[in-house]
Amino acid sequence: MNFTRVITIILLITGLGVVAALLVYGYTGIQTISLDLVLAIMMAVIAGFAIDSLYRKFSPQSKILKTTLTRTPSRNVSFAKLLLPNNNNIIVDGTGRIIGREDFVGVVSTDKLLFIGKNHFRIIKKQDHFYIEDMNTKNGTQLNGKTVEESDPKPLKSGDEILIGKTLKIEFKEKNI
């Protein structure tokens, strides 16, 4: 329940209680029944909370909430990260990610960035396994010393070494949650 809504309900009920007491007892009678008024206000607040909770329980819900199934993530959710030389990471989750020159700005010198393509390689996830494929770059991509082709994705496992554009070595790590 929202705090401002609670305060509004309390003030509304208190105001109604004071008006009702003025109508029934008059101004001089209120001074003698102050304890009764305090108890009435407390009961009104309790009744307000009860009415609000009943309203929330029985109020109509959106049709989309009733008819839409939401998918809960499985316990074996995996993602990958690429460990860079400067101790930063590039996270790969979901279906995959294209990695290129902009991902390595500040990691390697500007002249080495020229050897890395704008979209250099792609890591994709198929059937709970990660694969790497080159994006047909001039300087290529190597996985554990072997050339990676665009038409032949290579499976990745944790600890694999990736050489990008013959200039930058990074390490692949897979994590399971």
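The dialogue below goes through several features of one predicted model.

Me: What should I know before reading this structure?
Reply: Residues are numbered from 1 along each chain as its sequence is written, and side-chain values use heavy atoms, with hydrogens and water left out. The model is predicted: local features need pLDDT of at least 70, side-chain atom pairs count only at pLDDT 80 or more, and totals for chains, interfaces and linings use all residues.

Me: How are the strands of the open sheet ordered?
Reply: Strands of a sheet pair through backbone hydrogen bonds, either parallel or antiparallel. Helices (H or I, at least four residues) and strands (E, at least two) are DSSP runs, numbered from the N terminus. Two strands pair if DSSP finds at least two bridges between them. Here an open sheet of four strands runs in the order β3-β4-β5-β8, and the pairing is antiparallel. The edges are β3 (96–99) and β8 (154–155), each with a single partner strand, so one side of each is left without a neighbour in the sheet.

Me: How many bridges join β3 and β4?
Reply: Their antiparallel pairing extends over four bridges. Within it, Ile 98 stands opposite Arg 122 in β4.

Me: Is His 120 buried or exposed?
Reply: The terms rest on relative accessible area: buried is under 20%, exposed is over 50%, and partly exposed is in between (1.4 Å probe, protein chains only). His 120 has a relative accessible area of 0%, so it is buried. His 120 belongs to the loop between α4 (110–113) and β4 (121–126).

Me: What does the side chain of His 120 meet there?
Reply: A polar contact is a pair of N or O atoms within 3.5 Å; within protein, one must be able to donate a hydrogen and the other to accept it, and residues adjacent in sequence count only if both atoms are side-chain atoms. A polar atom of the His 120 side chain lies 2.8 Å from the backbone oxygen of Gly 140. The side chains of His 120 and Thr 141 are joined by a polar contact of 3.3 Å. Contact in the wider sense means heavy atoms within 4.5 Å. Leaving out residues up to four places away in sequence, His 120 touches ten listed residues' worth of neighbours, among them Ile 99, Phe 115, Met 135 and Ile 164.

Me: How many salt bridges are there?
Reply: A salt bridge is a side-chain nitrogen of Lys or Arg within 4 Å of a carboxyl oxygen of Asp or Glu. By this rule the count is six. One of them joins Asp 160 and Lys 157, at 3.4 Å from N to O. Asp 160 is buried, at 3% relative accessible area, whereas Lys 157 is exposed, at 53%.

Me: Which residue forms a salt bridge with Lys 169, and which with Lys 173?
Reply: Lys 169 meets Glu 161, at 3.9 Å from N to O. Lys 169 is exposed at 51%, and Glu 161 is partly exposed at 38%. Lys 173 forms a salt bridge with Glu 171, with the closest N and O atoms 3.2 Å apart. Lys 173 is partly exposed, with a relative accessible area of 28%, and Glu 171 is partly exposed, with 29%.

Me: How far apart are Gly 159 and Glu 171 in sequence and in space?
Reply: They are twelve residues apart in sequence and 6.1 Å apart in space, C-alpha to C-alpha. Gly 159 lies in the loop between β8 and β9 (161–164) and is partly exposed, at 39%. Leaving out residues up to four places away in sequence, Gly 159 touches Glu 171, Phe 172 and Lys 173.

Me: What is the phi of Asn 136, and of Asn 144?
Reply: Most residues other than glycine have a negative phi. Asn 136 has a positive phi, near 60 degrees. Asn 136 lies in the loop between β5 (129–134) and β6 (141–143) and is exposed, at 63% relative accessibility. Asn 144 also has a positive phi, of about 50 degrees. Asn 144 is in the loop between β6 and β7 (146–148) and is partly exposed, at 39%.
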